[in-house]
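Open the model in a viewer with the whole chain displayed as a cartoon. The stops below go from the overall fold to single residues.

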Amino acid sequence: MTAWDPRIEEMPVEALKKLQFRYLKTLICRLYSFSDLYRNRMDESGVHPDDIQSLADVTKLPFMVKSDFRDNYPDKMFTAPQDELVRYHVSSGTTGKPTVVGYTQNDLDNWTNSLARSLTACGVGRGDVVQVAYGYGLFTGGLGLHYGAEKIGATVVPASVGNTERQIELMQDLRVTVIACTPSYLIHIGDTAKKMGVSIKDDTNLRVAILGAEPWSEQMRVRIEDQMGIKAYDIYGTSEISGPMFTECKEQDGIHIWGDIALIEIVDHDTGEILRPGEPGELVITLLQKEAFPLVRYRTGDITVMEDAPCVCGRTHPRIQRISGRVDDMLIIRGINVFPSQIEHALLSMPEVSGHFMVVVERKGALDALLVQVELNPECFSDKIIDLMAIRQKVSHVLKNSLNVGVEVELAEPGSLPRFEGKAKRVIDKRDK
Ligand code: DLL
């Protein structure tokens, strides 16, 4: 299948950079002229629109961070009047106030077009039946995927999250070919199907999953694809940038970031220095065409790596590797940095355990203690006697080698740990903050 918009998606890199610069310059001039908030920020950092003479000059502009949205709650960062807004989305604030994002009609169209390109890149199109099992409502996942899938002529099943048995019935009855949901919810759907005597691989038409909104590992992809007989693609976005926007293509080799929509940089989280392709750091996004809620050098908190070589699919836009975690998800255990996604990756390299796990961090005396509870994989033991002690030792050995920190392991019965319909919350940190 060709690209949704080959003229843009396959344009020569130099032409794309020129286009990005034109958008950037227009954006900065507009913000400086019409937004007190942005003008003040630029004045405070001693930068004027005239200083933006090339794409690289973006680094002269100040960063935006999550607390800017909270400080300007609900709508002080908007740069379009209320009567030009056609929608609000509101992200749940885990700390403090939530973030409100407003959209003009052009903003919605750009978001939808971005998803039309992304879904096409995953091989989804007319004739597909797409079950959207992200939450509908204030969360951006449901409505975002919904409009993107309709745009490319697919048939949408707006299932939203929850009511899992019904999801499986719908999948069978409506001959669903594509599901969009969090990876943890898809695993829950798979487990529930099994209990109902339904094999996703043999008893449904499912062929593609569009999975994101939370970190997941390559090992998880392998398991999902093998068990369900489908292709699983990574989709990335945040409510501040509009919602889900960017996916991998069929090569499954990095997420394509549409350069006419977003200008990306990878920076060192501590120093803010720009990093080169191949070096892991924090993803920073400037939205080039946003009217109501522009972002200039927004520090997402997400950790990734920029790819260098062009993708063999022919799309010329920048690519990032899957998000390995968030700067604020990182656990520091006895001085060692540990990401929950590393734990998932290590666990799923062992067939004896499943992808259902919980991490509990406690302070024992002066030391941090890391406890990983993981469910046994029932499929491994159907015809064997199991040596629990040996499995526990193996899991703790593999985790210790991969994380460089000692881990206490608790094996849990299949089905006993919490299941998640939206984003998984796998870490309980009981240490004093
Ligand atoms: O989760 C938007 C979304 C909906 C993305 C549906 C993908 C699919 P927020 O609730 O604002 O928005 O959360 C954004 O989720 O900063 C990342 O930390 C994390 N995240 C999103 N996609 C991925 C992914 C939506 N593919 C935050 N891999 C982001 C890892 C992801 N983390």
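The tour covers the whole chain, a helix, a loop residue and a pocket.

**Whole chain**

Start with everything selected, and keep in mind that this is a predicted model. The cartoon should show 12 helices and 20 strands. The radius of gyration is 22 Å, close to the 22 Å that the globule rule gives for 433 residues, so the chain is as compact as a globular protein of that length. Aligned on the principal axes, the C-alpha atoms fill a box of roughly 75 × 60 × 40 Å. Colour by accessibility next: 53% of the 433 residues count as buried. A contact map adds that, among contacts between residues at least 6 apart in sequence, 66% join residues at least 24 apart.

**Helix α10**

Select residues 218-228, which form helix α10. Which residues of α10 are buried? They are Met 220, Arg 221, Arg 223, Ile 224, Glu 225 and Met 228. An α-helix has 3.6 residues a turn, so residues three or four places apart point the same way. To see what covers these buried residues, add α8 (183-195), α9 (200-203) and β6 (208-212), then β7 (231-238), α11 (340-347) and β17 (353-364); the cover includes these elements. Just after α10, select Gly 229, which takes a positive phi of about 65 degrees.

**Asn 377**

Keep Arg 223 displayed and move to Asn 377, which is found in the loop between β18 (367-376) and α12 (388-403). Is Asn 377 buried or exposed? Its relative accessible area is 10%, so Asn 377 counts as buried, the cut-off being under 20%. Leaving aside residues up to four places away in sequence, Asn 377 touches Arg 223, Pro 351, Glu 352, Val 353 and Ser 354. Draw a distance from the side chain of Asn 377 to Pro 351: a polar atom of that side chain lies 3.1 Å from the backbone oxygen of Pro 351.

**Second largest pocket**

The last stop is the second largest pocket, with a volume of about 670 Å³. Select Lys 17, Gln 20, Ile 264, Met 306 and Pro 318, the closest to the pocket centre of the 27 residues that line it. Then show α2 (13-34) and β10 (262-267), the elements that give two or more residues to the lining. Of these, β10 gives the most, with five residues. Coloured by class, the lining has 17 nonpolar, four polar and six charged residues.

Definitions and conventions. Residues numbered from 1 in each chain as written. Predicted model: local features only at pLDDT ≥ 70, side-chain atom pairs only at ≥ 80, totals over all residues. Heavy atoms only, no water. 1 Å grid on protein atoms, 1.4 Å probe; cavity = no way out; pocket = protein on both sides within 12 Å on 5 of 7 lines; lining within 4 Å. Points joined across faces, edges and corners; volume = space filled by probe spheres on them. Helix = DSSP H or I, 4+ residues; strand = E, 2+ residues; numbered from the N terminus. Nonpolar A, V, L, I, M, F, W, Y, C, P; charged D, E, K, R; others polar. Buried < 20%, exposed > 50% of the residue type's maximum accessible area, 1.4 Å probe, protein only. Polar contact = N/O pair within 3.5 Å; in protein donor to acceptor, adjacent residues only side chain to side chain. Contact = heavy atoms within 4.5 Å. Rg over C-alpha atoms; globule rule 2.2 N^0.38 Å.
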